[in-house]
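Mentor: Look the model over below. Then ask me short questions, and I will reason each one through.

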Amino acid sequence: MIRIGVAGLGTVGSSTLDLLMNHNARIAARAGADMAVTAVCSRDKSKDRGVDLSGVTWFDDPVALAASDDIDMYIELIGGADGVAKASVEAALSAGKKVITANKAMLAHHGAAMSKMAEQTDGASLHYEAAVAGGIPAIKALREGMTANEVSRVSGILNGTCNYILTEMEETGAAFDGVLADAQRLGYAEADPEADVGGFDAAHKLALLAAIAFGQEVDFDAVEITGIERVAAEDISFAGELGYRIRLLGVAEKTEAGVSQRMRPCLTPKNSPLGKIEGVTNAVMIEGDAIGSTMLIGPGAGGGPTASAVIADVVDAARGNTPPTFGLNSATGLSAPKPAAKGGDHGAFYLRLSLADRPGALAEIATVLGAEGVSIHRMRQYDHQGDSAPVAIVTHETGEANLSRAIDRIAALDVSLAPPVSMRIVSI
Ligand SMILES: NC(=O)c1ccc[n+]([C@@H]2O[C@H](COP(=O)([O-])OP(=O)(O)OC[C@H]3O[C@@H](n4cnc5c(N)ncnc54)[C@H](OP(=O)(O)O)[C@@H]3O)[C@@H](O)[C@H]2O)c1
């Protein structure tokens with residue numbers, strides 16, 4: 001009998017209990033072992049968790065539960081990069097237990113050290129299918145299903161809240177703040193939305209995918225992160241007229257300069273695989289030498305989908321399927337991070353300028369862009385808004401550094417009435 005301890009009985013924890021307790025026979029048969037939740041931990045013992053917890057030992061302290069000799073498997077569903085989540089996972093790993101977590105923030109920051117603990121402790125293993133893209137089995141697909149491949153790029157839409165907001169902005173023409181407020185009312189966005197709309201939650205997931213894809217330790221500090229807070233309704237509408245959608249895209253790539261990891265709003269063609277992803281749906285695209293490209297689409301969050309991924313790990317751990325946390329370990333070649341320098345992207349960009357409506361304004365812009373080696377592919381001027389005329393430009397492929405120099409120079413011109421806005425155009 002495998003004895004399971006669950007800490008954190010919120011959205012994911014209570015759905016996990018539901019599956020483990022109310023569908024135990026099905027899951028145990030697939031695991032090939034009897035299993036039961038024997039202990040739980042949360043803050044409030046009086047809350048109804050939707051399942052019968054009589055006969056289950058209650059712990060007030062997650063670290064005590066994690067270290068207890070009375071459990072074989074520890075499931076951490078508390079959340080937070082540090083604090084008791086981290087302390088309890090470390091306690092369970094050092095006690096040689098199988099650990100399952102949905103905590104991407106913790107793994108993005110401490111995954112490298114934790115995977116070493118799992119590797120160096122007899123009996124310990126660390127599983128985190130639920131940490132990336134909820135119900136989509138992205139970790140297993142990449143780490144095990146595509147193990148034959150030299151992966152060149154892993155990318156995706158990894159935050160349902162952001163994709164919902166951007167989809168709503170496009171459909172209604174409304175501004176970011178109003179759509180965010182509606183998303184909060186509907187429960188699609190947290191009361192404190194910073195982790196989602198700031199791009200951090202999605203960046204945590206990208207860092208985990210990049211570690212597996214490129215056989216290197218998790219390197220969250222190397223992720224270049226821009227949130228969606230400053231995406232304006234007019235950018236969405238101008239992008240639409242140019243044939244694009246704006247999406248918060250995570251892209252991790254292996255280049256000659258090292259591994260680049262970027263999480264930022266990008267323009268992507270409306271009919272491209274990632275451009276078609278709408279609402280809270282998540283998508284993960286994996287490109288490799290043998291496979292070509294494969295995209296996985298599904299629900300990225302929610303109690304049921306995320307608990308489904310937790311149970312997949314429970315079954316794996318019960319069967320003794322415990323591959324190295326990030327596909328490789330220190331003995332088989334997991335390397336130290338080799339990040340590409342930040343700001344070194346190369347490609348086409350969208351640029352929105354607010355220019356004074358006077359003769360010669362566009363010529364001044366064209367001169368600066370030309371001087372910095374940025375060539376214009378398409379340009380549109382829109383109806384005046386007061387004294388200013390918005391202009392949208394699509395560049396030919398150029399260096400990000402060239403574009404930033406041009407933007408600094410344009411911002412300093414008298415004809416420029418507001419800070420220029422730029423976004424990368426990515427066709428994935
Ligand atoms: N929600 C999703 O869709 C989703 C998707 C993927 C991954 N995740 C990840 O899953 C984890 C859990 O998320 P969630 O949405 O389920 O969070 P949640 O609903 O806020 O639940 C958190 C749980 O942790 C408990 N808790 C908090 N501090 C504690 C402490 N000091 N000691 C013991 N228990 C404590 C809370 O206890 P009380 O209930 O007693 O207050 C609550 O039951 C996070 O790492 C999150 O990033 C969530």
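**Burial, helices and ligand shell**

Trainee: Does methionine 35 count as buried or exposed?

Mentor: A residue is buried if 20 or more other C-beta atoms lie within 10 Å of its own, exposed if 12 or fewer, and partly exposed in between, with C-beta atoms placed from the backbone. Methionine 35 has 20 C-beta neighbours inside 10 Å, so it counts as buried.

Trainee: What kind of model is this?

Mentor: Residues are numbered from 1 along each chain as its sequence is written. Local features need pLDDT of at least 70, side-chain atom pairs count only at pLDDT 80 or more, and totals for chains, interfaces and linings use all residues, as the model is predicted.

Trainee: In which strand is methionine 35 found?

Mentor: Helices (H or I, at least four residues) and strands (E, at least two) are DSSP runs, numbered from the N terminus. Methionine 35 belongs to the run covering residues 35–41, strand E2.

Trainee: How far apart are the C-alpha atoms of methionine 35 and valine 315?

Mentor: Along the chain, 280 residues separate methionine 35 and valine 315. In space, their C-alpha atoms are separated by 9.8 Å.

Trainee: Which residues come nearest the ligand?

Mentor: Here, near means that the C-beta atom, placed from the backbone, lies within 6 Å of the molecule or strand. There are 25 residues around the ligand. The nearest are Gly8, Gly10, Gly79, Ala102 and Ala301.

Trainee: How many charged residues does the shell around the ligand have?

Mentor: Ala, Val, Leu, Ile, Met, Phe, Trp, Tyr, Cys and Pro count as nonpolar, Asp, Glu, Lys and Arg as charged, and the others, Gly among them, as polar. The shell has 11 nonpolar and 10 polar residues. Its charged residues number four.

Trainee: Which helix gives the largest share of that shell?

Mentor: The largest share is three residues. They come from residues 11–22, helix H1.

Trainee: Does valine 12 count as buried or exposed?

Mentor: Valine 12 lies in helix H1. With 27 other C-beta atoms within 10 Å, valine 12 is buried.

Trainee: How far apart are the C-alpha atoms of valine 12 and alanine 307?

Mentor: Valine 12 and alanine 307 are 295 residues apart along the chain. Alanine 307 is one of the buried residues of H12. The two C-alpha atoms are separated by 5.7 Å.

Trainee: At what angle do H1 and H12 pack?

Mentor: Axes are lines fitted to C-alpha atoms, for helices over the stretch in contact, and angles run from 0 to 180 degrees between N-to-C directions. The axes of H1 and H12 are 8 Å apart. The packing angle is about 60 degrees.

Trainee: What does that make H1 relative to H12?

Mentor: Angles under 35 degrees count as roughly parallel, over 145 as roughly antiparallel, 65 to 115 as roughly perpendicular and the rest as oblique. H1 and H12 pack at about 60 degrees. That makes the arrangement of H1 to H12 oblique.

Trainee: Is the crossing of H1 and H12 left-handed or right-handed?

Mentor: A crossing is left-handed if the near helix is turned anticlockwise from the far one by less than a right angle, and right-handed if clockwise. The crossing of H1 and H12 is right-handed.

Trainee: How far apart are the end C-alpha atoms of helix H12?

Mentor: The expected span of a helix is 1.5 Å times one less than its number of residues. Helix H12 (residues 303–319) has 17 residues, so it should span 24 Å. The model agrees: its end C-alpha atoms are apart by 24 Å.

Trainee: How many residues of H12 are buried?

Mentor: H12 is mostly covered. Ile311 and Val314 are among its buried residues. Out of 17 residues, the buried count is 12.

Trainee: Which loop holds alanine 133?

Mentor: Most residues other than glycine have a negative phi. Alanine 133 has a positive phi of about 60 degrees, although it is not a glycine. It has 33 C-beta neighbours inside 10 Å and so counts as buried. Alanine 133 is in the loop between strand E6 (125–127) and helix H6 (138–145).

Trainee: How are H6 and H10 placed relative to each other?

Mentor: The axes of H6 and helix H10 (residues 200–214) come within 9 Å and cross at roughly 15 degrees. The crossing is left-handed. H6 and H10 are therefore roughly parallel.
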